[in-house]
Protein chains: 2
Amino acid sequence: MMKARQIEKQLLVPYQHRVYFTQDVFEPENTLLASLLTESTEGEATRVYVAVDEQLREHDSAFQDKVHAYFNNFREKIDCCGYSEYPGGEILKNDLRYLKDLYHEIEQAKLCRHSYLIGIGGGALLDMTGFAAATAHRGIRHLRLPTTSLSQGDGGVGVKNGVNYLGKKNFIGTFMPPHAVVNDLNFLKTLSNNQMRDGYIEAVKVALIRDGAFFDLIESRAELLINRDPDTISWIIEKSAQHHVDHIAQSGDPFELKSARPLDFGHWVAHKLETMSAFKISHGEAVAIGMAVDVLYSQKIGHLAKKQASRIINLIEQLGFKTYSPELLTVSEQGRNLILEGLDEFREHLGGQLTISLLNDIGDSFETHEMIPKVILECIEGLRDRNASRPHPES
Amino acid sequence: MMKARQIEKQLLVPYQHRVYFTQDVFEPENTLLASLLTESTEGEATRVYVAVDEQLREHDSAFQDKVHAYFNNFREKIDCCGYSEYPGGEILKNDLRYLKDLYHEIEQAKLCRHSYLIGIGGGALLDMTGFAAATAHRGIRHLRLPTTSLSQGDGGVGVKNGVNYLGKKNFIGTFMPPHAVVNDLNFLKTLSNNQMRDGYIEAVKVALIRDGAFFDLIESRAELLINRDPDTISWIIEKSAQHHVDHIAQSGDPFELKSARPLDFGHWVAHKLETMSAFKISHGEAVAIGMAVDVLYSQKIGHLAKKQASRIINLIEQLGFKTYSPELLTVSEQGRNLILEGLDEFREHLGGQLTISLLNDIGDSFETHEMIPKVILECIEGLRDRNASRPHPES
């Protein structure tokens, strides 16, 4: 055998990850979006295509006119060459027809690598349009305008995109930072109370893992959040987004090429619950239950003080979430608890070695590579008994 | 309007880009591949899936057995959980059925982000399997084993992948460095003379842009290349690959997020010629003609000395390529030369501003943002007249 010769170079790929907070992004005097779209324009007008959640029209029948009027103000520099509506939610990622439609629109609108695809909607719309943008022409610039509390504080400010395939969530996707994220707090006014609280629970999650003081403040401001106080909402979303961006930037492995994990807590149960319920349990509802399981687990194995565990469970409930669902005790035909099977699937998803975040304290997490099935079941049963003896929340 | 608040972080994503040169990669005593696949294995055996150009079986009916036997030697650390064959060439990128098949295989074989998808074949196979690997689970590790001179010295050592869609070459794709590239020179023995020379022409291209001394050596070794001298082939491939990797690593913008351009010369004509001929003109043949056009153009506008232009055209011809094809003078129904229309398409592809590499000298290129149609046509006519008066090459 000839000795192998080798060329080796490090490629450092620099991305700017930017999240802006504003209001009334399409009001003519708000120049934020226009300046983001034209910061590197030379010569011809920048081509911009807008893909929108169709629900926006239900809340504001003039939304499309407003968008066109906005870009028309900047028509010498911005050419808004297309606008289309898509359904929100998981259907958009499940049915690849929508992705194909969007590729077709991109081709027809003659977008290139210096053009912009703006996605306006919740997590699913941003995931689907983000994947189209990341892959068409090997990457069109993507601008995200998240419209839900969940996407403004959590998924929308991350660097992932994707669609579902072969029955698996996010089977196809990429890591690709958007050109910028623009969080317009006014979009949140269109949300139902249940949609709104989905964002709160992810803020609780990030507080539990990273920032005990943030948890204390959420706890003290829970009533304000429930009453949808605008300043408190603005604060919790911005703080949550900040933690997400910090986590991605500080990990040294933002694309999870090695073993970096996202800001996960309670998510292994949540993923399984969502799938088992065919997404009838929302992501926020599933995360609330999943966190409750892992909080009790952290307590039972002697890491988290009982008092702190109670504070967390109480806050989750105070924000309007259940901490138990009958799916937690569903058993397969082989007699195996399905949530425990979810643990095996999660291990497989991670490539053989399990990594789960648990809590030493509020704001202080650690990672474990092993969870004891019997203890998990005890936690689930504890939550069942707690919820049986407690008045049903309104939801 | 509320003043926009902003979170901004730079994400630096580090990739190691590695190209190895070896022979007999699947001989049991060659441990290169096995060590690349197990360098980060912890615990369970690494899952490996192999996607192969079906032509390899035509040259070596025992190829699949050899691959399985190789991995079987390392079965405690490597689990070769699948092997499938695909046709080579553009059909593989045109018909998305193959991509869907591969996604299905990846799902069935339970590959995860720590598993490996090995692609063994020419540029089209590496592009398609690379795209599947880049997007399944948001990124499975991809190992490339290029089998053609073109892919070993040029495309296969780059960071792009993709498939064709909506009639457009590489409409869907990503930038993603492979885990490693392993160039096994023995694969080149299976190539026809015409396939072999396609790699030489890309080496000439890179020499013209970056390295005059490399051009001089190719010129002096042209006979050895035509006679397929193994050491000379090994030298030209390695040197060409080195230039490609250097260009990607030194650009500061390896994913062409801003305005970085690949190592392009003569490629704007080549892309159009390939498409016009429905890929009957091979990439190498098209590049040879495209370079001849841009060499004459560089001379006509007073940048490249006539003597140097002649040396280049002579070397292209000596390596067995034509420098003219009747497609160069095809006219549309509107009476417009199609190659000139290709220039407009290329401008559009680049986002409105044209950037074309031309030559000051051999090894010394510059960029222009404007080409004069009349002069392009004069160059084409010059090549037509030269080829009319010259004996046909063997091809």
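1. A word on the superposition before anything else: copies are fitted by least squares on the C-alpha atoms of residues with pLDDT of at least 70 in both. Done that way, chain B lands on chain A with an RMSD of 0.0 Å after a turn of 180° and a shift of 0.0 Å along the axis. The two copies are thus related as by a two-fold rotation axis. In chain B, V13(B) has the C-alpha nearest that axis, 2.5 Å away.

2. Ground rules: this is a predicted model, where local features need pLDDT of at least 70 and side-chain atom pairs count only at pLDDT 80 or more, while totals for chains, interfaces and linings use all residues. Residues are numbered from 1 along each chain as its sequence is written, chains are lettered from A and ligands numbered from 1 in the order in which they are written, and side-chain values use heavy atoms, with hydrogens and water left out.

3. On to the interface. Counting contact as heavy atoms within 4.5 Å, 79 residues of chain B touch 79 residues of chain A. The buried area (accessible area, 1.4 Å probe, that two parts lose on being put together, summed over both) comes to about 7,400 Å², with carbon and sulfur atoms giving 57% of it. On the chain B side, I7(B), L11(B) and R138(B) lose the most area to chain A, together 13% of what that side buries.

4. Charges across the interface: there are 6 salt bridges between chain B and chain A, each being a side-chain nitrogen of Lys or Arg within 4 Å of a carboxyl oxygen of Asp or Glu. One of the pairings in a salt bridge is R5(A) with E238(B), at 2.5 Å, N to O.

5. Have a look at α13(B), residues 283–300 (helices are DSSP runs of H or I, at least four residues; strands are E, at least two; both numbered from the N terminus). Its 18 residues reach 25 Å from first C-alpha to last, close to the 26 Å expected at 1.5 Å a residue, that span being 1.5 Å times one less than the number of residues. Of those 18 residues, 14 are buried, so α13(B) is largely enclosed by the rest of the structure. Buried here means under 20% relative accessible area, exposed over 50%, partly exposed in between (1.4 Å probe, protein chains only). Just after α13(B), G302(B) takes a positive phi of about 90°.

6. Lastly, D53(A) sits in strand β2 (residues 46–53) of chain A and is buried, at 9% relative accessible area. Beyond neighbours within four places in sequence, its contacts include Y86(A), G88(A) and L125(A).
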